[in-house]
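Please examine the model shown here with attention to its nucleic acid contacts and its annotated positions. The paragraphs that follow take these two topics in turn.

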Amino acid sequence: MDTSRLKRRGPCAWELPATGRMRVPGVIFASKELVQEMDDKVAEQVANVASLPGIVDASYAMPDAHWGYGFPIGGVAAFDADEGGVVSAGGVGFDISCGVRTLHTGLKEADLRAVQKPLADLLFARIPAGVGSTGALHLSAAEMDAMLRGGARWAVKAGYGSEADLTHIEEHGCVTGADPAAVSDMAKKRQRDEMGTLGSGNHYLEVQVMDEVFDAVAARAYGLAVGDVVVSIHCGSRGLGHQIGTDFLREMVVAASQAGIALPDRELACAPIKSALGQRYLGAMRAGINCALANRQILTHLAREAFAALLPGARLPLLYDVSHNTCKEETHTSADGHKRRLFVHRKGATRAFGPGHAELPPAFGKVGQPVLIGGSMGTASWILAGAAGAEERAFGSACHGAGRAMSRNAALRRWHGRDVVDELAAKGILIRSPSFRGVAEEAPLAYKDVAEVVEAADRAGLARRVARLRPLICIKG
DNA sequence: ATGTGC
């Protein structure tokens with residue numbers, strides 16, 4: 001990115017001053033190196049988002065930001081409904097409520113090494129993964145609606161997991177305001193057989209070991225110590241979320257022009273929050289969030305069953321579940337000092353509420369919410385904690401992952417999936433995937449260095465580094 | 001991300 005247009009606001013914050021159609025400035029949170037590596041398209045997209053009606057304070061990009069559909073991936077923007085604010089399908093992303101959850105296992109690395117290979121094979125046998133994968137559940141129309149309303153709460157009632165899990169999920173596992181009637185029959189049809197499936201791309205289920213601690217107080221609050229084995233699940237709302245995005249994007253292109261909203265890019269299609277379409281999208285999008293929460297809850301149950309078969313007595317309580325493709329109505333204090341209800345779009349950005357936030361479970365109240373950052377396959381993942389002051393910086397948001405450094409096609413030209421699997425196996429990391437092509441696309445070096453990204457998030461005051469996780473087993477979609 | 005590509 002050409003940094004000559006940017007004003008440095010701090011060691012890891014860069015302002016893109018408001019010019020032309022921009023209603024507010026842009027702010028990119030990144031080190032000098034990361035901002036220089038970013039595509040110019042990121043600045044262009046940050047500026048485009050800043051031109052949308054009702055945007056509050058600034059259009060933000062996280063340290064892992066890269067070019068996306070309309071909004072950058074790693075983009076955060078909040079809108080005030082009373083000031084003509086909008087909601088945008090492209091500002092949430094197609095994989096609605098894609099996110100990460102991490103489970104404790106109570107095991108140490110040596111316990112896991114003793115069963116590593118059979119556990120990898122059993123998890124791969126039990127966890128449906130890959131394009132078009134289907135699960136054991138086949139929802140009736142009534143069950144579908146109940147799932148879309150109930151989220152992980154519905155899944156627990158259906159026998160997947162326990163009540164205790166729900167207190168460790170954002171919104172306690174179920175967002176209110178979901179409207180199954182706003183979800184198309186096509187979206188429901190695509191999801192009917194896909195509950196409890198991982199999907200493809202960068203989605204995974206990993207068994208990991210915590211290998212370094214950076215904040216001992218927060219690690220203790222999260223119940224983590226060096227050598228602990230955890231399980232992390234990264235996936236979203238599968239075909240349902242994608243179809244909701246497709247359906248509403250089409251409608252929003254028409255609606256934006258009817259509402260007289262001039263779009264610098266048609267991919268920014270949006271609707272006023274206070275419009276029938278805006279409300280219908282919010283209802284459908286919230287149903288999509290509940291679908292993703294239910295999906296991760298069922299996958300959790302499948303992982304617990306696999307562990308129980310090989311490691312009787314192992315318990316896998318939930319540490320936390322976060323989403324990184326959402327629009328949520330939240331109360332924030334804007335730069336003018338006023339408290340107000342805002343519609344916060346986080347696309348490829350994780351919520352990162354700091355210490356003392358009322359919505360956090362009591363155990364996390366003093367240290368801030370766990371911010372779960374998925375690494376690329378074969379590399380480290382990270383656990384961060386929402387920082388004090390994060391809410392004033394980007395409405396309580398942080399990065400979500402490493403971010404691609406290379407296109408899928410470029411990765412396919414450079415690597416063979418089988419070689420990637422063999423090389424990682426030699427390092428003690430077992431990969432199981434239905435697709436060698438997918439493995440090649442997800443080769444570790446096709447991604448940016450996640451350590452640089454989380455360091456920038458920490459230095460920017462968005463989230464503090466708590467612990468680093470190293471993979472042992474990866475079930476890849 | 002995606003019954004992977006207008």
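The side chain of Glu194 places an N or O atom 3.3 Å from a phosphate oxygen of DNA strand B, and the side chain of Arg238 places one 2.7 Å from a phosphate oxygen of that strand. A base oxygen is also approached: a polar side-chain atom of His242 lies 3.4 Å from a base oxygen of DNA strand B. A polar contact is here a pair of N or O atoms within 3.5 Å; within protein, one atom must be able to donate a hydrogen and the other to accept it, and residues adjacent in sequence count only if both atoms are side-chain atoms.

This is a predicted model, in which local features need pLDDT of at least 70 and side-chain atom pairs count only at pLDDT 80 or more, while totals for chains, interfaces and linings use all residues. Residues are numbered from 1 along each chain as its sequence is written, chains are lettered from A and ligands numbered from 1 in the order in which they are written, and side-chain values use heavy atoms, without hydrogens and water.

DNA strand B is surrounded by 15 residues, the closest being Val131, Arg190, Gly201, Asn202 and Arg238. Of the atoms of DNA strand B that come within 4 Å of the protein, 53% belong to sugar and phosphate. A residue is near the strand if one of its heavy atoms lies within 4 Å of it. The surface near DNA strand B comprises seven polar, five charged and three nonpolar residues; Ala, Val, Leu, Ile, Met, Phe, Trp, Tyr, Cys and Pro count as nonpolar, Asp, Glu, Lys and Arg as charged, and the others, Gly among them, as polar. Helices H8 (185-191) and H10 (238-258) each supply at least two residues of this surface, and H10 gives the largest share, three residues. Helices (H or I, at least four residues) and strands (E, at least two) are DSSP runs, numbered from the N terminus.

Which positions carry the UniProt annotation "binding site"? The unreviewed entry assigns it to Asp95 and His203. They span 109 residues in sequence, yet no two of their C-alpha atoms are more than 11.0 Å apart, so they gather at one spot. UniProt positions follow the numbering used here, feature names are shortened, and annotations may be inferred rather than shown by experiment.

Asp95 sits in the loop between helix H3 (89-92) and strand S7 (99-108). With a relative accessible area of 19%, Asp95 is buried (under 20%; exposed is over 50%, partly exposed in between; 1.4 Å probe, protein chains only). His203, in the loop between H8 and strand S8 (204-213), is also buried, at 9% relative accessibility. Leaving aside residues up to four places away in sequence, Asp95 touches His203, Gly236, Ser237, Arg238 and Asn325, where contact means heavy atoms within 4.5 Å.
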